[in-house]
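Please open the model in your viewer and keep a selection box at hand, since this tour moves from one selection to the next.

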Amino acid sequence: MTMERTFIAIKPDGVQRGLVGEILSRFERKGFKLIALKQLIPSRALAEQHYGIHRERPFFNGLVDFITSGPVIAMVWEGDGVILNARKLIGATKPLEAEPGTIRGDLAINIGRNVIHGSDGQGTAASEIALWFKETELNDWNPADQIWRVEN
Ligand code: DAT
Ligand code: MG
């Protein structure tokens with residue numbers, strides 16, 4: 001078992017469209033553990049750092065405009081294999097190519113409005129968690145039903 005943490009963010013379109021509860025419930029029902037959650041309107045500096053890898057892409061400025069346009073729900077989720085599995089729950093980057101049953105496959109159409117972000121590997125998970133959260137905002141806790149979530 002490899003316990004991991006990943007950074008997940010509901011983008012401004014997901015918040016504006018009232019999809020926060022729907023998205024949270026998918027991660028909760030899967031059995032992952034919520035370690036941190038906050039709503040914020042990201043600064044331009046934060047957004048540019050978060051999407052720094054895409055700096056040279058033609059869509060970069062529009063992406064930063066969009067992600068700073070309103071409240072984002074920033075979260076850290078923990079669980080066995082959560083980094084890769086969250087990406088599966090989220091679905092492909094292009095919502096029209098995302099499988100039905102995934103968040104983007106069920107809830108989005110446009111690549112520029114694809115509702116949710118999830119870290120794509122161990123390195124980005126660690127750096128994105130550190131970018132968006134202070135250490136003191138991450139809560140260690142044990143769900144009372146933990147025993148029912150994991151293989152013994
Ligand atoms: P993902 O969010 O699935 O990790 P990514 O890291 O390749 O995808 O891109 C980050 C975000 O940038 C993506 O969620 C939406 C936007 N984006 C990516 N490619 C795009 C494109 N060709 N046109 C417009 N926006 C794009
Ligand atoms: Mg990405």
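What follows is a walk through a predicted model, with strands, helices, single residues and a ligand taken in turn.

**Strand 1 and its partners**

Begin by selecting strand 1, residues 3–10. Six of its eight residues are buried, so strand 1 is largely enclosed by the rest of the structure. Strand 1 pairs with strand 3 in the antiparallel sense over eight bridges, and with strand 4, also in the antiparallel sense, over three bridges. To follow the pairing with strand 3 at the level of residues, show threonine 6 together with its bridge partner tryptophan 77, and then arginine 5 with its bridge partner glutamate 78. For the pairing with strand 4, show alanine 9, which stands opposite histidine 117.

**Strand 3**

Extend the selection to strand 3, residues 72–80. Eight of the nine residues of strand 3 are buried, so this strand, too, is largely enclosed by the rest of the structure. Besides its pairing with strand 1, strand 3 pairs in the antiparallel sense with strand 2 over seven bridges, and here the residue to pick is alanine 36, whose bridge partner in strand 3 is valine 76.

**Helix 2**

Now select helix 2, residues 20–30, and colour its buried residues, which are Ile23, Leu24, Arg26 and Phe27. Looking down the helix axis, you will find these buried residues within an arc of 150°, so they line one face of the helix. On the other side of helix 2, Glu28 and Arg29 are exposed. If you then display what covers the buried residues, the elements to look for include strand 1, strand 2, strand 3, helix 5, helix 6 and strand 4. Before leaving this region, click on glycine 31, just after helix 2, where phi is positive at about 115°.

**Helix 5**

Move on to helix 5, residues 82–90. Which residues of helix 5 are buried? They are Val82, Ile83, Asn85, Ala86 and Ile90, and their cover includes strand 1, helix 2, strand 3, helix 6, strand 4 and helix 7, the last of these spanning residues 122–132. Just after helix 5 comes glycine 91, which takes a positive phi of about 95°.

**From valine 115 into strand 4**

Select valine 115 next, in the loop between helix 6 and strand 4. Valine 115 has a positive phi of about 75° although it is not a glycine, and at 0% relative accessibility it counts as buried.

Step forward to isoleucine 116, which has its place in strand 4. Is isoleucine 116 buried or exposed? Its relative accessible area is 0%, under the 20% cut-off, so isoleucine 116 is buried. Leaving out residues up to four places away in sequence, isoleucine 116 touches Ile8, Ala9, Ile10, Lys11, Ile23, Phe27, Ile90, Ile103 and Arg104. Among these are Ile23 and Phe27, two of the buried residues of helix 2, and Ile90, one of the buried residues of helix 5. Add proline 12 as well: its C-alpha atom and that of isoleucine 116 are separated by 8.8 Å, although the two residues are 104 residues apart along the chain.

The next selection is histidine 117, also in strand 4, which comprises residues 116–118. Histidine 117 counts as buried, with a relative accessibility of 11%. Show the side chain of histidine 50 beside that of histidine 117, and a polar contact of 3.5 Å can be drawn between them. Apart from neighbours within four places in sequence, histidine 117 is in contact with Phe7, Ile8, Ala9, Lys11, His50, Tyr51, Ile90 and Glu128.

**Ligand 1**

Finish at ligand 1, and display the residues that surround it: Lys11, Tyr51, His54, Phe59, Leu63, Arg87, Thr93, Arg104, Ile111 and Asn114. Two of these, Lys11 and Tyr51, were also listed among the contacts of histidine 117, while Lys11 and Arg104 were listed among those of isoleucine 116. Three distances are worth drawing. An N or O atom in the side chain of lysine 11 is 2.9 Å from an oxygen atom of ligand 1; for the side chain of arginine 104, the corresponding distance to an oxygen atom of the ligand is 3.0 Å; and a polar side-chain atom of asparagine 114 lies 2.9 Å from an oxygen atom of ligand 1. Taken alone, ligand 1 exposes 510 Å², and the protein buries 75% of that area.

Note on methods
Residues numbered from 1 in each chain as written. Chains lettered and ligands numbered in written order. Predicted model: local features only at pLDDT ≥ 70, side-chain atom pairs only at ≥ 80, totals over all residues. Heavy atoms only, no water. Helix = DSSP H or I, 4+ residues; strand = E, 2+ residues; numbered from the N terminus. Buried < 20%, exposed > 50% of the residue type's maximum accessible area, 1.4 Å probe, protein only. Polar contact = N/O pair within 3.5 Å; in protein donor to acceptor, adjacent residues only side chain to side chain. Contact = heavy atoms within 4.5 Å. Arc of directions from axis to C-beta. Near = heavy atom within 4 Å. Areas by Shrake-Rupley, 256 points an atom, 1.4 Å probe, with all protein chains shown as cover. Pairing = 2+ DSSP bridges.
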